[in-house]
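Welcome! Let us take a friendly walk through this structure, starting with its cysteines and going on to its sheet, a helix and a loop.

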Amino acid sequence: AGCQEAGIYCMGNGTDLSQQAPELILTSGVWQWDAVWEQIIADYRGGAFGMQQYWADMANGGLALTALNSVVPEEVATELAAIQEQITAGELETGGP
């Protein structure tokens with residue numbers, strides 16, 4: 001992995017990359033598309049499927065962070081957990097859809 005070559009901490013995107021560089025990957029943002037497909041199927045079955053857009057995000061379970069690397073300080077982990085709760089509750093705007 002590039003972070004190993006550079007000797008820097010990184011964050012994985014799309015899938016859990018912690019096995020690639022366990023000492024350097026702090027966490028990974030994992031896309032879980034089944035949450036989006038379940039909503040599409042529910043809308044289709046309920047007659048509400050149409051021209052709307054569907055997004056994977058923390059609120060619908062389509063985006064999640066993997067367990068934090070043990071090098072992440074506890075106060076940072078606590079703050080991150082609070083931020084995730086705010087995003088999920090719609091209290092913090094992330095600039096996404």
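A disulfide is counted here when two cysteine sulfur atoms lie within 2.5 Å of each other. The model you are looking at is a predicted one, and a search of the whole structure finds zero disulfides.

Why does C3 form no bond with C10? The closest cysteine sulfur to that of C3 belongs to C10, and at 3.5 Å it is too far for a bond. Seen from the other side, C10 is in no disulfide either, with the sulfur of C3 as its nearest cysteine sulfur. The surroundings of these two cysteines can be described as well: C3 is buried, with a relative accessible area of 5%, whereas C10 is partly exposed, at 23%.

Now for the sheet. Three strands form an open sheet in the order β1-β2-β3, with mixed pairing. The edges are β1 and β3, each of which pairs on one side only. On average, neighbouring strands of this sheet are turned by 15° against each other, direction ignored.

How do the strands pair? Strand β1, residues 10-14, runs parallel to β2, and the two share four bridges. Within this pairing, G14 stands opposite V30 of β2. Strand β3, residues 63-65, joins β2 in the antiparallel sense over three bridges. Here W31 has L63 of β3 as its bridge partner, while G29 stands opposite L65 of β3. Strand β2 itself covers residues 25-31 and is mostly covered, since five of its seven residues are buried.

Next comes the loop between β3 and α3, which is where N69 has its place. Is N69 buried or exposed? N69 is buried, because its relative accessible area is 12% and the limit for buried is under 20%. The side chain of N69 reaches the backbone oxygen of I25 at 3.1 Å. Leaving aside neighbours within four places in sequence, N69 is in contact with P22, E23, L24, I25 and L26.

After that loop, we come to helix α3, made of the 15 residues 74-88. At 1.5 Å a residue, α3 should span 21 Å, and its end C-alpha atoms are 21 Å apart, so the two values agree. As a general point, an α-helix has 3.6 residues a turn, so residues three or four places apart point the same way.

What follows the helix? A89 is found in the segment after α3. A89 is exposed, with a relative accessible area of 52%. Its C-alpha atom is separated by 6.8 Å from that of A59, although A89 and A59 are 30 residues apart along the chain. Just after α3, G90 takes a positive phi of about 80°.

Here are the residues whose accessibility came up along the way:

| Residue | Relative accessible area | State |
|---|---|---|
| C3 | 5% | buried |
| C10 | 23% | partly exposed |
| N69 | 12% | buried |
| A89 | 52% | exposed |

To look back with the model on your screen, find the parallel pair of β1 and β2, then the antiparallel pair of β2 and β3, and finish at N69, whose side chain reaches the backbone oxygen of I25.

Notes
Residues are numbered from 1 along each chain as its sequence is written. This is a predicted model: local features need pLDDT of at least 70, side-chain atom pairs count only at pLDDT 80 or more; totals for chains, interfaces and linings use all residues. Side-chain values use heavy atoms; hydrogens and water are left out. Buried means under 20% relative accessible area, exposed over 50%, partly exposed in between (1.4 Å probe, protein chains only). Two strands pair if DSSP finds at least two bridges between them. The expected span of a helix is 1.5 Å times one less than its number of residues. A polar contact is a pair of N or O atoms within 3.5 Å; within protein, one must be able to donate a hydrogen and the other to accept it, and residues adjacent in sequence count only if both atoms are side-chain atoms. Contact means heavy atoms within 4.5 Å. Axes are lines fitted to C-alpha atoms, for helices over the stretch in contact, and angles run from 0 to 180 degrees between N-to-C directions.
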